[in-house]
Every structure is written in C-alpha cells, then in structure tokens.
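Dear colleague,

Please find below the structure I promised to hand over. My findings follow directly after it, and I would be grateful if you could read them with the coordinates open.

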Amino acid sequence: MAQWRQKIKSWMSHSLELPADVVMDLPRITMIGHLHIYIENHRGVKTFSNQELRLNLEQGELLISGNHFVLKTILPEEILLEGTISDVRYINIS
C-alpha cells in the first residue's frame with residue numbers, strides 16, 4: 001500500500017509539475033558551501049553531537065558529518081546547522 005501511495009505521489013508531482021518536496025514529503029536541503037546547511041521537512045532530531053547530526057525523515061534518515069557543529073535554529077520541521085560539513089548522506093531504512 002505504501003508503494004502505491006508513493007507511486008501516485010510521484011506521478012502527481014511529475015504530471016502536475018508540483019514541487020516533489022511538498023507532494024512526496026521529501027526533505028529540502030540547502031547548503032551554503034561547507035559552512036551551513038538548512039533542512040526543511042525533517043521528522044525530528046535523532047542524535048546530535050559536535051561532529052554529527054542525524055535526522056529522521058519520512059523515508060529513512062539523513063546523516064551529516066563534520067566538525068564544530070552548532071544548531072542555530074531548530075523548529076518542528078526545520079533546522080539550521082553551522083560548522084564544517086564534510087559529508088551529507090541518506091540512510092535508507094526499510
């Protein structure tokens with residue numbers, strides 16, 4: 001059932017030219033160099049340390065690695081992280 005729902009959302013996004021992040025509950029990630037990362041549409045902070053931020057997503061997790069991390073803004077579905085970002089990785093959990 002979940003796969004059908006995902007296929008219908010994907011079709012709607014493509015056919016109606018709607019933004020995929022809105023229709024499919026995907027995260028919107030904006031990076032400014034390796035210094036800032038702004039993530040919208042996450043589902044909560046799983047872990048945070050000086051060197052790692054792990055966020056829950058609708059489908060899996062997002063792992064951000066680096067150094068000197070500081071959470072500048074944290075809202076229910078938005079987060080702004082500052083520091084030296086070295087890696088951003090999706091982790092598919094099924």
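I begin with the interior. In this predicted model, the largest nonpolar core consists of 11 residues, namely Ile37, Ile39, Leu53, Leu55, Leu57, Leu62, Ile64, Phe69, Ile79, Leu81 and Ile85. At least two residues of this core come from each of β2, β4 (52-57), β5 (60-74) and β6 (78-91). In soluble globular proteins, nonpolar side chains tend to be buried together.

Ile37 may serve as a point of entry to the core. Leaving aside residues up to four places away in sequence, Ile37 touches Ile29, Thr30, Met31, Ile64, Ile79, Leu80, Leu81, Ile85 and Val88. Among these partners, Ile64, Ile79, Leu81 and Ile85 are listed as core residues together with Ile37.

Overall architecture

The protein contains 2 helices and 6 strands, and their pattern along the sequence reads α-α-β-β-β-β-β-β. Its C-alpha atoms fill a box of roughly 40 × 25 × 20 Å along the principal axes. Of the 94 residues in the protein, 27% are buried. The exposed surface of the protein comes to about 6,300 Å², of which carbon and sulfur atoms supply 55%. Among contacts with a separation of 6 or more, 38% are between residues 24 or more positions apart.

The sheet

In what order do the strands of the open sheet lie? The order is β1-β2-β6-β5-β4-β3, and the pairing of the 6 strands is antiparallel. At the edges are β1 (28-32) and β3 (45-48), each of which pairs on one side only. From one strand to the next, the twist averages 35°.

The pairing of β1 with β2 (residues 36-40) is antiparallel and runs over 5 bridges. Within this part of the sheet, Arg28 stands opposite Glu40 in β2.

Salt bridges

The count of salt bridges comes to 6. One of them joins Arg54 to Glu61, with the closest N and O atoms 2.8 Å apart. The two partners differ in their burial class: Arg54 counts as partly exposed because its relative accessibility is 22%, whereas Glu61, at 3%, is buried.

Arg54 also forms a salt bridge with Glu52, and here the closest N and O atoms are 4.0 Å apart. Glu52 counts as partly exposed, at 27% relative accessibility.

A further salt bridge links Asp87 and Arg89, whose closest N and O atoms are 2.9 Å apart. Both residues are classed as partly exposed, with a relative accessibility of 29% for Asp87 and 42% for Arg89. Through shared partners, salt bridges join Lys46, Glu52, Arg54 and Glu61 into one network.

Individual residues

Two residues other than glycine deserve mention for their backbone angles. Asn41 has a positive phi, near 70°, and is found in the loop between β2 and β3. His68 likewise has a positive phi, near 60°, but is found in strand β5.

Which of the burial classes applies to Asn41, buried or exposed? Asn41 is buried, because its relative accessible area of 15% falls below the 20% limit. His68, by contrast, has a relative accessible area of 59% and is therefore exposed, the limit for that class being over 50%.

Strand β5 also holds Ser65. Ser65 has a relative accessible area of 17%, which means that it is buried under the same 20% limit. Which residues does Ser65 touch, not counting residues up to four places away in sequence? They are Gln51, Thr84, Ile85, Ser86 and Asp87. Two of these contacts lead back to the features described above: Ile85 belongs to the largest nonpolar core, and Asp87 is the salt-bridge partner of Arg89.

Should you wish to follow the findings in the coordinates, the core around Ile37, the network of Lys46, Glu52, Arg54 and Glu61, and the positive phi values of Asn41 and His68 are the places I would suggest viewing.

With kind regards

Terms used:
Residues are numbered from 1 along each chain as its sequence is written. This is a predicted model: local features need pLDDT of at least 70, side-chain atom pairs count only at pLDDT 80 or more; totals for chains, interfaces and linings use all residues. Side-chain values use heavy atoms; hydrogens and water are left out. Two strands pair if DSSP finds at least two bridges between them. Helices (H or I, at least four residues) and strands (E, at least two) are DSSP runs, numbered from the N terminus. Axes are lines fitted to C-alpha atoms, for helices over the stretch in contact, and angles run from 0 to 180 degrees between N-to-C directions. A salt bridge is a side-chain nitrogen of Lys or Arg within 4 Å of a carboxyl oxygen of Asp or Glu. Buried means under 20% relative accessible area, exposed over 50%, partly exposed in between (1.4 Å probe, protein chains only). A nonpolar core is a set of buried Ala, Val, Leu, Ile, Met, Phe, Trp, Tyr and Cys residues joined through side-chain atoms within 4.5 Å. Contact means heavy atoms within 4.5 Å. Accessible areas come from the Shrake-Rupley method with a 1.4 Å probe; for residues, only the protein chains shown count as cover.
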